[in-house]
Amino acid sequence: MQGSWLGNQQYLSDPGFLRSSLELFQLKAHFLLSMEPLLLLSLALFSDAMVMDEKVKSGVELDTASAICNYDAHYKDHTKYWCRGYFRDSCNIIAFTPNSSNRVALKDTGDQLIITVSCLVKEDTGWYWCGIQRDFARDDMDFTKLIVTDNREDRANGLSPGTSGNRTRSCKTSKAVQKAEGSRMSILIVCVLISGLGIIFLISHMSRGRRSQRNRGVTGKSINRNPQASQAPSMVSIPLATI
């Protein structure tokens, strides 16, 4: 026991051993510092950056449904989106931040993505995803299932008849406005097509008239250049000598 202690004392008093130990410690510290960005990147890649508040949501026709997706504030400047589909890699994107669609409104607070879907219909029932775009990693996404019913007794939060009636009228007005806008757009497209066809017909008629004028000019010039060709040969009378 005493011999081993004496041996350790000799190693500790050896300058070469101390120098090598210090170099080894510095090498380990340098390695850990160089691995820090890789460790942070690994945490970012495999951590859940986007988390949905509820996995199942219910709504009623002509009502409004909301979803809240919490995310790390590190991604506050990244683009977020709302999409529909059972599989995350093939879902149909409905809207990107900061834009919104007709019935879907997106609000990005810096650590939450708030999605509001208005004027619900039964066809809105399905699977939805909120996602966050990442530059060097797969987009982080989380899902929820929306169930839309027409039974107002199934609502978790009841609404007064007056409020419900106002929302119903609002949705109907919105649909009427969308139909009117669609009709106006259709009429505008038809008018543009008719105008285009009229312009094409006018250009074709003008080019045809110019072509006929050129043909008549060429025919007149050929007649003027050969006036004798159109005249019949004249008879020459020769007087007969009398005997």
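Here is a chat between two people about how the features of this predicted model get their names.

Colleague: Let's start wide. How many helices and strands does the protein have, and in what pattern do they come?

Modeller: There are 3 helices and 9 strands. Read along the sequence, they follow α-α-β-β-β-β-β-β-β-β-β-α. Keep in mind that this is a predicted model. Of its 243 residues, 19% count as buried.

Colleague: On to the cysteines. What makes Cys69 and Cys130 a disulfide?

Modeller: Their sulfur atoms are 2.0 Å apart. The cut-off is within 2.5 Å, so the pair counts as a disulfide. A disulfide is a covalent bond between the sulfur atoms of two cysteines. The angle about this S-S bond is -105°, and the link of Cys69 and Cys130 is left-handed.

Colleague: Which parts of the chain does that pair link?

Modeller: Distant ones: Cys69 sits in strand S3 (residues 65-71) and Cys130 in strand S8 (residues 126-132), 61 residues apart. Both Cys69 and Cys130 are buried.

Colleague: Why is the disulfide of Cys83 and Cys91 called left-handed?

Modeller: Because the torsion about the S-S bond of Cys83 and Cys91 is about -80°. As for being a disulfide at all, the S to S distance from Cys83 to Cys91 is 2.2 Å, and that passes, because the limit is within 2.5 Å. Cys83 and Cys91 are buried too.

Colleague: How do you know that Cys119 and Cys171 are joined?

Modeller: Here the S to S value is 2.3 Å. Set against the limit of 2.5 Å, that qualifies, so we call it a disulfide. With -100° about the S-S bond, the link of Cys119 and Cys171 is left-handed. Distant parts of the chain are linked here as well: Cys119 lies in the loop between strand S7 (112-117) and S8, while Cys171 lies in helix H3 (residues 161-225), 52 residues apart. Cys119 and Cys171 are both buried.

Colleague: What is the pattern of the disulfides, with bonded cysteines counted along the chain?

Modeller: The structure holds 3 disulfides, and their pattern is 1-5, 2-3, 4-6.

Colleague: And why does Cys191 count as partly exposed?

Modeller: Because its relative accessibility is 41%. Buried would need under 20% and exposed over 50%, so a value in between gets the middle label.

Colleague: Now the sheet. Which strands make up the open sheet, and in what order?

Modeller: It has 4 strands in the order S1-S3-S7-S6, with antiparallel pairing.

Colleague: What makes S1 and S6 the edge strands?

Modeller: Strand S1 (50-52) and strand S6 (104-108) each pair on one side only. On average, neighbouring strands of this sheet are turned by 20° against each other, direction ignored.

Colleague: How do you know that S7 pairs with S3 and with S6?

Modeller: Count the bridges. S3 and S7 have 6, and S6 and S7 have 5. The rule asks for at least two, so both count as pairs. You can spot partners across the strands: Ala67 stands opposite Ile115 in S7, and Leu106 stands opposite Ile115 as well. Val104 stands opposite Val117. S6 and S7 also form a hairpin with 3 residues between them, and Gly110 in the turn has a positive phi of about 110°.

Colleague: Which residues of S7 are on the covered face, and which on the uncovered one?

Modeller: Leu113, Ile115 and Val117 make up the covered face, whereas Gln112, Ile114 and Thr116 make up the uncovered one. In a regular strand, side chains alternate between the two faces of the sheet.

Colleague: Last topic: what makes the empty space inside count as a cavity?

Modeller: The largest cavity has a volume of about 70 Å³. The count takes in cavities of 30 Å³ or more, and it comes to 1. A cavity is a place where a 1.4 Å probe fits but cannot get out, so the name says it is closed off.

Colleague: Which elements line the largest cavity?

Modeller: S3, S7 and strand S9 (140-149) each give two or more residues. The largest share, 3 residues, comes from S3. Among the lining residues are Ala65, Ala67, Trp82, Ile115, Val117 and Lys57. By class, the lining has 7 nonpolar, 2 polar and 1 charged residues.

Methods
Residues numbered from 1 in each chain as written. Predicted model: local features only at pLDDT ≥ 70, side-chain atom pairs only at ≥ 80, totals over all residues. Heavy atoms only, no water. Buried < 20%, exposed > 50% of the residue type's maximum accessible area, 1.4 Å probe, protein only. Axes fitted to C-alpha atoms, helices over the stretch in contact; angles between N-to-C directions. 1 Å grid on protein atoms, 1.4 Å probe; cavity = no way out; pocket = protein on both sides within 12 Å on 5 of 7 lines; lining within 4 Å. Points joined across faces, edges and corners; volume = space filled by probe spheres on them. Nonpolar A, V, L, I, M, F, W, Y, C, P; charged D, E, K, R; others polar.
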